[in-house]
Amino acid sequence: MKVKYPGKYSVVVGIIALISLYLIQCNFSPSAVAKSGEEIEELFLNPPLAARPGVLWQWMGGLISKEGITKDLEAMSEQGIGGVIVMQMPDQAPYPQRWDFRDYPGKIKVLSDEWSGAF
């Protein structure tokens with residue numbers, strides 16, 4: 001059985017299409033390339049949001065509040081954090097102090113309406 005290969009022009013067109021998709025995905029813009037030392041310094045001192053670091057933000061059980069979340073986000077923003085990934089931790093405090101998940105003070109039940117409002 002004879003295998004039929006695509007013509008050389010279709011391979012070139014495919015490569016150009018892949019490169020174009022990659023550049024579009026990377027938001028490539030020739031005008032965004034820094035050309036002078038001052039522009040490079042400005043981008044280093046004030047990076048765009050997409051270039052800023054993110055953090056893993058772990059919430060212990062239901063020990064959260066709207067006010068606490070707001071203060072934490074404001075503090076992270078002031079330090080240049082560009083984003084967060086929230087991870088809800090189990091409803092138990094570390095040894096030696098353990099609480100039943102229903103009875104410790106300040107508990108907001110995870111995925112409740114109050115929790116969703118705070119989130």
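**Surface and model**

I looked up the exposed surface of the protein chain: about 10100 Å², with carbon and sulfur atoms supplying 62% of it. These areas come from the Shrake-Rupley method with a 1.4 Å probe, and for residues only the protein chains shown count as cover. I note that the model is predicted, that local features need pLDDT of at least 70, that side-chain atom pairs count only at pLDDT 80 or more, and that totals for chains, interfaces and linings use all residues. Residues are numbered from 1 along each chain as its sequence is written, and side-chain values use heavy atoms, with hydrogens and water left out.

I checked pLDDT, the predictor's confidence in each residue from 0 to 100. The protein chain averages 75, and 66% of the residues score at least 70.

**Elements**

I counted 4 helices and 2 strands in the protein chain; helices (H or I, at least four residues) and strands (E, at least two) are DSSP runs, numbered from the N terminus. Along the sequence I read the pattern α-α-β-α-β-α. Among these elements, helix α1 (residues 8-25) has the lowest mean pLDDT, 71, and α3 the highest, 92.

**Burial and contacts**

I took buried as under 20% relative accessible area, exposed as over 50% and partly exposed as in between (1.4 Å probe, protein chains only). Of the 119 residues, 12% count as buried. For contacts (heavy atoms within 4.5 Å), I looked at pairs with a separation of 6 or more: residues 24 or more positions apart account for 71% of them.

**Core**

Which residues make up the largest nonpolar core? I listed 8: Trp57, Trp59, Ile64, Ile69, Met76, Ile108, Trp115 and Ala118. β1 (54-59), α3 (66-78) and α4 (113-118) are the elements that give two or more residues to this core. A core here is a set of buried Ala, Val, Leu, Ile, Met, Phe, Trp, Tyr and Cys residues joined through side-chain atoms within 4.5 Å. In soluble globular proteins, nonpolar side chains tend to be buried together.

I then followed Trp115. Leaving out residues up to four places away in sequence, Trp115 touches Trp59, Ile64, Gln88, Ile108, Lys109 and Val110.

**Single residues**

Val110 lies in the loop between β2 (83-88) and α4. I logged Val110 as partly exposed, because its relative accessibility is 27%. From Val110 to Ile64 I noted 9.9 Å, C-alpha to C-alpha, across 46 residues in sequence.

I found Ser65 in the loop between β1 and α3. Its relative accessible area is 30%, so Ser65 is partly exposed. The C-alpha atoms of Ser65 and Gly117 are separated by 9.6 Å, with the two 52 residues apart along the chain.

Leu73 sits in helix α3. At 38% relative accessibility, I entered Leu73 as partly exposed. Leu73 and Gly83 are 10 residues apart in sequence, and their C-alpha atoms are 9.3 Å apart.

I placed Ile19 in helix α1. With 47% relative accessibility, Ile19 counts as partly exposed.
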